[in-house]
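Q: Could you walk me through how to read a few features of this fold, one at a time?
A: Gladly! Let us have the structure in view, and then begin with how helices cross.

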Amino acid sequence: MSFLRNCKNKFAEIIGSPRVEILSGLTVSLALVPEAIAFAFIAGVSPLTGLYAAFIICLITALFGGRKGMISGATGALAVVMVSLVSNHGVEYLFATVVLMGILQMFSGVLHLGRFIKMVPHSVMLGFVNGLAIVIFLAQLGQFKTVNSLGQSVWIADQQLYIMLAVIALTMAVIYLLPKITSKIPAALGGILISSAVVLGFNIDTKTVGDLASIAGGLPDFHVPVVPLNFETLKIILPYAFILAAIGLIESLLTLTLIDDITSTRGKNSRECFFQGVANVVAGFFASMGGCAMIGQSMINVKSGGRKRLSGIAAALFLLSFIVFAHSLIEKIPVAALIGVMFVVVIATFHWASLKIIRKIPRSDFIVIVIVTGVTVATDLAIAVVVGVIISALVFAWKCAKNIYAETKNAKTKKTYIIRGQIFFASISSFKELFDFDNDPKEIVIDFAYTRIWDYSAIDAIEHMCLKYLKRGHKVHLIHLSKYCQGLLDRAEGCVVIDKDRDPDYRIALLSRDRF
């Protein structure tokens, strides 16, 4: 019975509600097509290279990844890094880099490096979400361009522009209104189908998926990257692989965290890291560009009701069927309908509340949100997150450094300093200013019950403080040190003598002139 119950639970984890999951997967697969083609163009590879990447990455992470309902595929964040590699060394080096990228991600999963995503502050998360929403929006603007007779890329105008805007508006209206009529069809899918039916039924002349590129193809073939197996090749691909692995993991783990918040469930970071790596290794050996989590398609999936693994599996299989069997139908879908879906994703993704809480949050947090948003748009996600974390860490250190003070108790021949706050590299200047070396009595007691020593800078500051007192003929007692602090002071050469007999619970660190 226990075995059957476990099988039933596993089956439910995969399929959920089949109708909802399959329809959600179909919606996602339609949104994957133009994105995969666009990112392939950015990277300088063929459209099928991007489409195969979307299929392979989506399928493997959906089956085994650490976050049910999250959609992965070819992404712009990776494509902008790949373009220089392809232009300088060729596409075969890209495939080799994707394999190495996957291996690095697998090691990250084995070493549980994904847990460090907890170090990302909420302000950085908000900047990440807002930045990606803007990036998704800007990516759609490229569809409003066309090539003129001189081969130049120009903005469309007049009737073509009005038709595209009308189809976009129709798609968005259907997405917002359909849930009020029925919940049996995902709103995004309904918007695509109705807009496509109107365009085809009235024979409206507007840009379609087929105008971007042909998506006709067969099953992906196994392909070993044709590169020399030597140290020179490693020197070329390793820097790219490291950057791509970092960007892929950061974007995936932040997307995972976002979906956790939306669905009130919890994904598995290390598992996602490992199987994203597996997916990229496989992708590299099937001549595709690799990928990571896609926040836009993940949001479409979640908003359409996709919560289980079946939605991602269905999206991957539908995408493959489009390439092999139904490419002639998919190529007739108006691009404007898919842009409308992505515009709705932008509106849903951008954290509008962050604009309302400007005056309610610390100025430093607002600055971090703005900087991370700007850097995400201007460069890439990995740099934005690193910059945001560094700024947040420095702000935190500055605030902690200022929050150190001492309460004093005076007697005729003895003065007690009760230190409160954290002693570390940023606070040692404030710590040194707490003591009145010239006017204190001959016996000094320094109570560390309400503080903590964090690093060697703190140990050095305590030692120099004691030296200044001892040179003036004072006797210094250090009391109520935590076990952690005792360990640090024990390892510091010539710093303190621990007198266990006088204070068996907390121990007293007694400094005498003979020590120095």
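A: Angles under 35 degrees count as roughly parallel, over 145 as roughly antiparallel, 65 to 115 as roughly perpendicular, and the rest as oblique. Keep in mind that what you see is a predicted model.

Q: How are α2 and α13 oriented to each other?
A: The axes of helix α2 (residues 18-43) and helix α13 (residues 309-324) cross at roughly 50° and come within 7 Å. The pair is therefore oblique. As for handedness, this crossing is right-handed.

Q: Which residues of α2 and α13 meet?
A: From α2 come P18, E21, I22, S24, G25, L26, V28, S29, L30, L32 and V33, and they meet L310, S311, A314, A315, F318, L319 and F322 of α13. Sorted by class, the contact of α2 with α13 holds 13 nonpolar, 4 polar and 1 charged residues.

Q: What about α6 and α18: at what angle do they pack?
A: Here the cut-off for roughly antiparallel is over 145 degrees. Helix α6 (residues 122-141) and helix α18 (residues 381-402) pack at about 155°, their axes being 9 Å apart, and the two are therefore roughly antiparallel. The contact is built from S123, V124 and F128 on the α6 side, with L381, V385, G388, V389 and S392 on the α18 side. By class, that contact counts 5 nonpolar and 3 polar residues, with no charged ones. The crossing of α6 and α18 is right-handed.

Q: Let us step back to the whole chain. How many helices and strands are there in the protein?
A: The protein has 21 helices and 10 strands. To judge its overall form, set the radius of gyration beside that of a compact globule: for 516 residues the globule would be near 24 Å, but the protein has 30 Å. The C-alpha trace spans about 100 × 65 × 55 Å along its principal axes.

Q: And what share of the residues is buried?
A: Buried residues account for 51% of the 516 in the protein. Sequence separation is another useful view: of the contacts between residues at least 6 apart in sequence, 80% join residues at least 24 apart.

Q: Now single residues, please. Is S288 buried or exposed?
A: The cut-off for buried is under 20% relative accessible area. S288 has 0% relative accessibility, so it counts as buried. This serine sits in the loop between α11 (269-284) and β4 (292-293). Setting aside residues up to four places away in sequence, S288 touches T49, Y52, A53, I56, F95, V98 and A283.

Q: Where is Y405 found, and what is it in contact with?
A: Y405 belongs to strand β5 (residues 405-410). Beyond its neighbours within four places in sequence, Y405 is in contact with I418, I419, R420 and L434. Its relative accessibility is 40%, so Y405 counts as partly exposed. For a sense of distance, the C-alpha atoms of Y405 and L219 are separated by 69 Å, with the two positions 186 residues apart along the chain.

Q: My last topic is backbone angles. Which phi does H112 have?
A: H112 has a positive phi of about 55°, although it is not a glycine. You will find H112 in the loop between α5 (91-110) and α6. With 41% relative accessibility, H112 counts as partly exposed.

Q: And where is N203 found?
A: N203 is in the loop between α8 (187-201) and α9 (209-212). N203 is not a glycine either, yet its phi is positive, about 50°. At 68% relative accessibility, N203 counts as exposed.

Terms used:
Residues numbered from 1 in each chain as written. Predicted model: local features only at pLDDT ≥ 70, side-chain atom pairs only at ≥ 80, totals over all residues. Heavy atoms only, no water. Axes fitted to C-alpha atoms, helices over the stretch in contact; angles between N-to-C directions. Helix = DSSP H or I, 4+ residues; strand = E, 2+ residues; numbered from the N terminus. Left-handed = near helix turned anticlockwise from the far one by under 90°. Contact = heavy atoms within 4.5 Å. Nonpolar A, V, L, I, M, F, W, Y, C, P; charged D, E, K, R; others polar. Rg over C-alpha atoms; globule rule 2.2 N^0.38 Å. Buried < 20%, exposed > 50% of the residue type's maximum accessible area, 1.4 Å probe, protein only.
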